[in-house]
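I opened the model today to look up a few points about its helices and side chains, and I kept these entries in the order in which I checked them.

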Amino acid sequence: MAGRLKPLRAEVVRHAQAFGGSGTAGSRPSASGSPSASASAHPSPSPTVPAQEKDALADLATAERTLADQRTKALLTVPGELARLLASVAAAGAAHAFLLTEGAK
């Protein structure tokens with residue numbers, strides 16, 4: 001699965017960096033892009049990965065959809081340039097969710 005996820009992981013890292021995060025495994029950008037605010041909201045150090053590949057991909061897709069939804073909602077509360085970035089990254093997240101689930105069929 002690592003080969004399949006590598007391009008998506010690289011995009012997620014670039015998205016985190018676009019919002020000022022490091023893009024490392026420990027940082028989790030929030031809808032507004034602030035890794036530190038989000039990291040405190042998600043204190044679990046290491047998520048449990050389901051044993052079945054299909055379940056693991058479904059969990060990743062759910063996480064992508066959730067973050068895309070958060071970023072979409074944040075569009076109304078941020079200035080223009082950041083809103084454009086959020087919209088673009090939210091759209092990419094929705095595409096990732098598709099690729100992780102429906103796109104795999």
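**Helix pair H1 and H3**

I began with helix H1 (residues 2-18) and helix H3 (residues 53-74), whose axes come within 14 Å and cross at roughly 20 degrees. Since angles under 35 degrees count as roughly parallel, I therefore noted H1 as roughly parallel to H3. I kept in mind that this is a predicted model. The crossing of H1 and H3 I recorded as left-handed.

Next I listed the residues that make the contact, which are Arg-4, Leu-5 and Val-12 on the H1 side and Glu-53, Leu-57, Leu-60 and Glu-64 on the H3 side. Sorting the residues of this contact by character, I found 4 nonpolar and 3 charged, with no polar ones.

**His-96**

I then turned to His-96, which I located in helix H4 (residues 80-100). Is His-96 buried or exposed? Its relative accessible area is 2%, and because buried means under 20%, I entered His-96 as buried. Setting aside neighbours within four places in sequence, I found His-96 in contact with Leu-8, Glu-11, Val-12, His-15 and Glu-64. Two of these names, Val-12 and Glu-64, I had already written down for the contact of H1 with H3.

**Salt bridge**

How many salt bridges does the count give? I noted 1 salt bridge, and the pair is Arg-84 with Glu-81, whose closest N and O atoms are 2.8 Å apart. Both Arg-84 and Glu-81 lie in helix H4, 3 residues apart, which is about one turn of the helix. I closed the entry by noting that Arg-84 is exposed and that Glu-81 is exposed as well.

Technical notes. Residues are numbered from 1 along each chain as its sequence is written. This is a predicted model: local features need pLDDT of at least 70, side-chain atom pairs count only at pLDDT 80 or more; totals for chains, interfaces and linings use all residues. Side-chain values use heavy atoms; hydrogens and water are left out. Helices (H or I, at least four residues) and strands (E, at least two) are DSSP runs, numbered from the N terminus. Buried means under 20% relative accessible area, exposed over 50%, partly exposed in between (1.4 Å probe, protein chains only). Contact means heavy atoms within 4.5 Å. Axes are lines fitted to C-alpha atoms, for helices over the stretch in contact, and angles run from 0 to 180 degrees between N-to-C directions. Angles under 35 degrees count as roughly parallel, over 145 as roughly antiparallel, 65 to 115 as roughly perpendicular and the rest as oblique. A crossing is left-handed if the near helix is turned anticlockwise from the far one by less than a right angle, and right-handed if clockwise. Ala, Val, Leu, Ile, Met, Phe, Trp, Tyr, Cys and Pro count as nonpolar, Asp, Glu, Lys and Arg as charged, and the others, Gly among them, as polar. A salt bridge is a side-chain nitrogen of Lys or Arg within 4 Å of a carboxyl oxygen of Asp or Glu.
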